[in-house]
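This report describes selected strands, a helix contact and internal spaces of one protein model. Please consult the sequence and the structure shown below while reading.

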Amino acid sequence: MSSKSIVEAGNAIKDFVSPEYIRSRFSKIMSDMYKEEVPLYGELLDLVHDINEKVLSESKEDKEQLSRTGELSRLNVERHGAIRLGKPEELFTMRRLFKVMGMYPVGYYDLAPAGVPVHATAFRAIDNTALNQAPFRVFTSLLRLDLIDDNQLRSNVESILEDRQIFTDKTIEFIDKYEKDGGLIEEDVETFVREALESFRWHETATVDYNMYQMLLDQHRLIADVVAFKGPHINHLTPRTLDIDKVQSSMEARNIPPKDTIEGPPARKCPILLRQTSFKALTEKVSFKNSTGSEELGEHKARFGEIEQRGVALTQKGQDLYNELLSKTRREIGGSPTAENSTEYNELLKENFKVFPDSYMEMQSQELAYFHYFISEKVNKLSQNRLYTKADINQLLVEGYLSIEPMVYEDFLPVSAAGIFASNLGTDDAKRKYEGTSNQALFEKDLGEPVYGLVKWYEDMQEETIQKCLEQINA
Ligand code: OOG
Ligand code: NI
């Protein structure tokens, strides 16, 4: 794919490479790098691929649904990653960098209530066609220094991060050039993605000594992960599976140690939102610098592999019901699920979610989820002596003049993110509670622009498909 867009810049007409191409190149070289660094991720990719193929060959219905919504072709390249940043300037520049690849900040996620001292957004494409062409996303968190209660440690962290530069000079030059010209030309793209990749690479040498690392670790494992290294190494990459239960139960046979429970909603006929599971983080050797200049060896756990199954996006009403049922289950089990109570948790979750309708038509009529609307063949038989409006949509659907397909949830779930984090690193950090309110205004100030609202994005896209149907019907 090397589609180009022609953009008029002053009098000159320049050939710019499409952001979709840059994004898919970047996603590819990132995945290749991660496969090399974390070979189990490669194993997981193979497993997911095998199971997806099987699902598609066995279920004509699934295949047709994905094909109608444009997701079938993207399935094998679909993945997300995650990084954790330390200071506001890093978030600001990261936003500019992702823009070169056509990725914009969508949603605000506060992980503090779940015991992780960060807030976050996800960078992704926001146009449906662009998403289907290159569905790469990056969950990007920023450490909340205001949540470190030890004053001395907080000021240490600030001075450690102060001089850190996570971008190469060349990357910054390309970003400037992109902003000035309005695009990147073909001969710059490969150098740009290679330079950008450097910021996501793993470093075996910590930037702090062993004592400082321990102090950071004692505060929170995530703080050590963000502060003690040269850059925001990508901490996981996540392919999309069509059957997460199958992958979960097949992981062990391939020597991939799975986490105990799948995060998110229970298994359903009509999947909602997002279900995720992962393999545990690797223990990696790290060398620490001592004040004498000698090196000390130690270990760090951060990087893992994750998989996810995506379902239909929910309206605010649907989200609220989801949150209520999930919290209820967690309350009943006494907090986050553990290895010991995972069977009980799963049963309880299934039981509690029985009140969440498990048919697309029912979810549509209760306005719990978002859908793509299509006209059906029967539409020719519709009487043409009146103008149809949005108020007729439900009736037209029930009578079979329209059909719907679920709109896939493209985003993330903060409780799941915290759950993955905790079980991966095998810590009790998630049991910590951070007081203090979420701070979207501060996040957006650091980011340099507001994030796109989560619900509105789906609302607008659904509206677009409804309007298109009406146009076709009234034509
Ligand atoms: C948060 C990652 C969140 C997900 O899939 O929910 C995420 C973290 O950096 O641990 O990737
Ligand atoms: Ni993830």
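Two strands are said to pair if DSSP finds at least two bridges between them. In this predicted model, strand E5 (residues 118-124) is joined to strand E6 (residues 137-143) by six bridges, and the two run antiparallel. Strand E4 (residues 104-110) also pairs with E5 in the antiparallel sense, here over five bridges. His119 has a bridge partner in each of these neighbours: Asp110 of E4 and Leu142 of E6.

**Burial of E5**

In a regular strand, side chains alternate between the two faces of the sheet. Is strand E5 covered on one face or on both faces? Both are covered: Val118, Ala120, Ala122 and Arg124 are buried on one side, and His119, Thr121 and Phe123 are buried on the other. Seven of the seven residues of E5 are thus counted as buried.

**Contact of H4 with H17**

Two packed helices are described by the angle and the distance between their axes. Helix H4 (residues 88-100) packs against helix H17 (residues 440-447) at an angle of about 65 degrees, and their axes are 7 Å apart. From H4, the residues Pro88, Leu91, Phe92 and Arg95 meet Phe443, Asp446 and Leu447 of H17. Five of the contact residues are nonpolar, two are charged and none is polar.

**Cavities and pockets**

The structure contains four cavities of 30 Å³ or more, and the largest has a volume of about 230 Å³. Of its 19 lining residues, Ala82, Leu111, Phe139, His236 and Ala417 are the closest to the centre. Strand E3 (79-85), E6, strand E11 (304-310) and helix H16 (414-425) each give two or more residues to this lining. E6, the antiparallel partner of E5, is therefore among the elements that line the largest cavity.

The second largest pocket holds about 620 Å³ of space. It is lined by 29 residues, with Asp62, Gln65, Lys269, Pro271 and Tyr360 nearest its centre. Helix H3 (60-68), E11 and strand E13 (402-406) each supply at least two residues of that lining.

The table sets out the two linings by residue class and main contributor.

| Space | Largest share of lining | Residue classes of lining |
|---|---|---|
| Largest cavity | E3, four residues | twelve nonpolar, five polar, two charged residues |
| Second largest pocket | H3, five residues | twelve nonpolar, five polar, twelve charged residues |

How values were computed: Residues are numbered from 1 along each chain as its sequence is written. Chains are lettered from A and ligands numbered from 1 in the order in which they are written. This is a predicted model: local features need pLDDT of at least 70, side-chain atom pairs count only at pLDDT 80 or more; totals for chains, interfaces and linings use all residues. Side-chain values use heavy atoms; hydrogens and water are left out. Axes are lines fitted to C-alpha atoms, for helices over the stretch in contact, and angles run from 0 to 180 degrees between N-to-C directions. Contact means heavy atoms within 4.5 Å. Ala, Val, Leu, Ile, Met, Phe, Trp, Tyr, Cys and Pro count as nonpolar, Asp, Glu, Lys and Arg as charged, and the others, Gly among them, as polar. Buried means under 20% relative accessible area, exposed over 50%, partly exposed in between (1.4 Å probe, protein chains only). On a 1 Å grid over the protein atoms alone, a cavity is a set of points where a 1.4 Å probe fits but cannot get out, and a pocket is an open set with protein on both sides within 12 Å along at least five of seven lines; lining residues have an atom within 4 Å of a point. Grid points are joined across faces, edges and corners, and a volume is the space filled by probe spheres set on the points.
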